[in-house]
Amino acid sequence: MPDVLIQNARILEGGQLVPAEILIEDGKIKGISKEFRISAYDERINADKMVVIPAGIDGHVHFRDPGLTYKEDWYSGSCSAAAGGIATVLEHPNTLPPVIDKSGFSQKLKHAKKKSVIDFGINGGVTNNIDQLKEIWRLGISVFGEIFMAESTGGLNISNDLLGAALSKIGELDALACIHAEDESIRLANEAFLKNDNEIDVHSRIRPNVCEEVAVHDCIKINKDAAVPARLHFCHTSTPEAVKLIEKARKELPPESNASRITCEVAPHHLFLSTKDYKQLGTLGKMNPPLRSSEDAAYMIQALNSGLVNAVASDHAPHMLYEKEVPMRSAPSGVPGVETLMPLMLAAVRKNWLSLERVIAVTSRNPARIFGLDRLGKGSMAEGCDADLLLFDPKNVVPIKSKNLHTHCDWTPYEGMDGIFPGMTLSRGDVIWDGAQVIAKKGRGEFLPGAGMKTDEDGKIILEYDDDDEE
Ligand SMILES: [Zn+2]
């Protein structure tokens, strides 16, 4: 018997919203039809004409757990995601300890399994741990990175020489390398040159567009020269210069390779905020890469629309208000964003900045493909796929307010901006957000192993890591 029948819904079909019912069995989509005419099911959800799309996949979050759980932890972070219509996250390695070896991976997996209300992948870090990369890949990390080319939170940045060695190893493993592209020498030179400059926008001038451009250029070249080039994904690209270089590199790929070997994403703060917002945000607008001009932000929206940019990811990087409200130079970089990603994107559809079709592509289908989550049933609202769904009323535009959000850090850079929040979020057929509260059990989220996870001859996963319950 099916578990859930969603009635009175609307879905996007051929560019139109059409009435639909969705049948869910064992957490997976069993069928989508105009009308099912069945009477036996466990639970009926009246969607009340809400639009149903795949729940978001946020490929870039920092949940700070283990180590910095006063900022966020797997429970608060995953609740924030659920309330924002995100049912899958990839969590990045710069925690304490970082995920750069077996012990770091095991500790993070233990915390996540105990607390996460949504499904998750764990990324593996790259420092001077080249000899550990194969082992963490076999343990089941999703992808490598973000690999920091310049200093940022966590201090995991590496030299270009080390980057070359790492990319070659990642290429050998046929894994994906996710790159935080900022050039460290430009950053250092500007830091010294502007050391007496205390203007509010100085952070954007220490890390100007060229800082990203040079790093993207160097990374593509270093990868090309590697013994076995890796698949590359550029995190949070923020400038026309970077996007154009990436497009050029895609075109120059040898014909036998596939253009998906170089992909990129953009963060909502590089679409919906700009250097003009420093005046109001002050240090709350500090992140890496930094805020760009409003012309650059407009370009990034256009590049997302045209397909040059493949995905959106929040780079959710919470810090407490008291940590942020200090002079610009000493404030930590990073803003929360996992709960506002989908609401901002859906509000952008309402404003005709993006089509709903494109939003679905960049928030679920493409991230699933890029990060290899499609092989686990993620990212598509098709028969047999996980029933990870977001239901929303396109007319319900509300101002974003930090008091309504679920992150530990209690502030948002998008305060007062328009958002369309989910009326409901489902994860594998379970309602985890009902429009008013998170109703998911702590620890219900499942680990999504990466493609390198070791299996036995029958394809069964061999769990090699320490998976006990001790603290
Ligand atoms: Zn980053």
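**View 1. Pairing of strands β12 and β13 in the predicted model.** Strands β12 and β13 run parallel and are joined by two bridges. In this predicted model, V312 of β13 is the bridge partner of V266. The pair belongs to an open sheet of five strands, ordered β9-β10-β11-β12-β13 with parallel pairing. Strands β9 (144-148) and β13 (311-312) stand at the edges with a single partner strand each, so one side of each lacks a neighbour in the sheet.

**View 2. Helix α8 and its surroundings.** Helix α8 comprises 13 residues, 240-252. At 1.5 Å a residue the helix should span 18 Å, and its end C-alpha atoms are indeed 18 Å apart. The buried residues in α8 are E241, A242, V243, L245, I246 and A249. An α-helix has 3.6 residues a turn, so residues three or four places apart point the same way. The cover over the buried residues of α8 includes the helices α7 (209-225) and α11 (294-306), together with the strands β11 (231-234) and β12 (262-266).

**View 3. The annotated binding-site residues.** An unreviewed UniProt entry carries the annotation "binding site" for H60, H62, E146 and D315. These residues are spread over 256 residues of sequence, yet they cluster in space, with a largest C-alpha distance of 10.6 Å.

**View 4. The environment of H60.** Residue H60 lies in strand β6 (residues 56-61). It counts as buried because 30 C-beta neighbours fall inside 10 Å, where 20 or more are required. Leaving aside neighbours within four places in sequence, the contacts of H60 are L90, H92, C235, H236, E265, A313, S314 and D315. Among these contacts, D315 also carries the "binding site" annotation in the UniProt entry.

**View 5. The environment of H62.** Residue H62 is located in the loop between β6 and α1 (74-83). H62 is likewise buried, having 26 other C-beta atoms within 10 Å. When residues up to four places away in sequence are not counted, H62 touches H92, N94, H316 and A317. Residue H92 is thus listed among the contacts of both H60 and H62.

**View 6. The hairpin of β17 and β18.** Strand β17 (residues 424-427) pairs with strand β18 (residues 430-433) in the antiparallel sense, over three bridges. Within this pairing, W433 of β18 is the bridge partner of T425. The two strands form a hairpin with two residues between them. In the turn, R428 has a positive phi of about 45 degrees.

Note on methods: Residues are numbered from 1 along each chain as its sequence is written. This is a predicted model: local features need pLDDT of at least 70, side-chain atom pairs count only at pLDDT 80 or more; totals for chains, interfaces and linings use all residues. Helices (H or I, at least four residues) and strands (E, at least two) are DSSP runs, numbered from the N terminus. The expected span of a helix is 1.5 Å times one less than its number of residues. A residue is buried if 20 or more other C-beta atoms lie within 10 Å of its own, exposed if 12 or fewer, and partly exposed in between; C-beta atoms are placed from the backbone. Two residues are in contact if their C-beta atoms, placed from the backbone, lie within 7 Å. Two strands pair if DSSP finds at least two bridges between them. UniProt positions are given in the numbering used here, feature names are shortened, and annotations may be inferred rather than shown by experiment.
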